[in-house]
Every structure is written in structure tokens, then in C-alpha cells.
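Let's take a walk through this chain together. Keep the viewer open and follow along.

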Amino acid sequence: MPKTFKAFCPNCETITKQKFVEVGGFILIGDKMIPVSLKYYLCLECGEDYEIPSANYDPLAEAYHKLAIMNKN
């Protein structure tokens, strides 16, 4: 089981038990399913997930970059 920690949940509006999740997923662009890595936090009390914006992580930019490479070939 992933390590849990306490942090502020924007849905609960309080400090809750949470875990960081990193999984593979897909973003649909046009008619193509583009594989991307998804990173988010999951509140173990309310079950909601959320992202914290980061300049180093943008799954949509990753998807468009991969689509550009696919279209080059």
C-alpha cells in the first residue's frame, strides 16, 4: 500500500489523510488515445482526487508532444 500522509484537502477544507498517486492513463485528442503519466493526490477521507499545478508536470502538454511525434512518422 502506498505511503500515506496528512495534508490539506481542498474538498474537505481541512487536514486529512492522503496518498500520492502516479499511474498511466490516456488523453483523447481528436480520435487518438494518447498515453500519459498521471500524478495526483487522493484524499482518503472524502475520496476526491486533485492536482497541485506544477511547471514540471502538464499531462496535456505531454499528450500534444507525443501526438506531434506520432504525426511526424
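**A walk along the chain**

Glutamate 13 is a handy place to start: its relative accessible area is 62%, so it counts as exposed. You'll find glutamate 13 in the loop that links β1 (4-9) to β2 (14-29). Check its backbone too, since phi of glutamate 13 is near 60°, a positive value in a residue that isn't glycine. Keep in mind that what you're looking at is a predicted model.

Now zoom out to the whole chain. There are 4 strands and 1 helix, and starting from the N terminus they come in the order β-β-β-β-α. The radius of gyration is 15 Å, well over the 11 Å that the globule rule gives for 73 residues, so the chain is more spread out than a compact globule. Along the principal axes, the C-alpha atoms fill a box of roughly 50 × 25 × 20 Å.

What about the surface? About 5400 Å² of the chain is accessible, and 55% of that belongs to carbon and sulfur atoms. Of the 73 residues, 25% count as buried. As for charge, there are 8 positive and 9 negative side chains, and the centres of those two sets sit 9 Å apart.

Next, look at how the chain comes back to itself. Take the contacts between residues at least 6 apart in sequence: 37% of them join residues at least 24 apart. A few residues let you see that sort of thing directly.

Which residues make up the largest nonpolar core? It has 6 of them: Ile27, Ile29, Ile34, Val36, Ala63 and Leu67. The elements that each put two or more residues into this core are β2, β3 (32-43) and α1 (59-72).

Isoleucine 27 is a good way into that core, and it lies in strand β2. Setting aside neighbours within four places in sequence, isoleucine 27 is in contact with Lys32, Met33, Ile34, Val36, Pro59, Leu60 and Ala63. Pick out leucine 60 from that list: it is 33 residues away from isoleucine 27 in sequence, yet their C-alpha atoms are 7.5 Å apart. Isoleucine 29 has its own set of partners, again leaving out neighbours within four places in sequence: Ile34, Ala63, Tyr64 and Leu67.

Cross over to strand β3 and you meet lysine 32. Is lysine 32 buried, partly exposed or exposed? Its relative accessibility is 32%, so it counts as partly exposed. Beyond its neighbours within four places in sequence, lysine 32 is in contact with Ile27, Leu67, Met70 and Asn71. Lysine 32 and leucine 67 are 35 residues apart along the chain, with 8.4 Å between their C-alpha atoms.

Stay in strand β3 for one last stop, leucine 38. Buried means under 20% relative accessible area. Leucine 38 comes in at 24%, so it counts as partly exposed. Its contacts, once neighbours within four places in sequence are set aside, are Val21, Glu22, Val23, Gly25, Tyr57 and Pro59. Try the distance to proline 59 in your viewer: the two residues are 21 apart along the chain, and their C-alpha atoms are separated by 6.7 Å.

To pull the picture together, go back to the core, where β2, β3 and α1 each supply two or more residues. Isoleucine 27 and isoleucine 29 both belong to that core, while lysine 32 is in contact with Ile27 and Leu67, among others.

Key. Residues are numbered from 1 along each chain as its sequence is written. This is a predicted model: local features need pLDDT of at least 70, side-chain atom pairs count only at pLDDT 80 or more; totals for chains, interfaces and linings use all residues. Side-chain values use heavy atoms; hydrogens and water are left out. The radius of gyration is taken over C-alpha atoms; the globule rule is 2.2 Å times the number of residues to the power 0.38. Buried means under 20% relative accessible area, exposed over 50%, partly exposed in between (1.4 Å probe, protein chains only). Contact means heavy atoms within 4.5 Å. Accessible areas come from the Shrake-Rupley method with a 1.4 Å probe; for residues, only the protein chains shown count as cover. Lys and Arg count as positive and Asp and Glu as negative; His and the chain ends are not counted. The place of a charge is taken as NZ of Lys, CZ of Arg, CG of Asp or CD of Glu. A nonpolar core is a set of buried Ala, Val, Leu, Ile, Met, Phe, Trp, Tyr and Cys residues joined through side-chain atoms within 4.5 Å.
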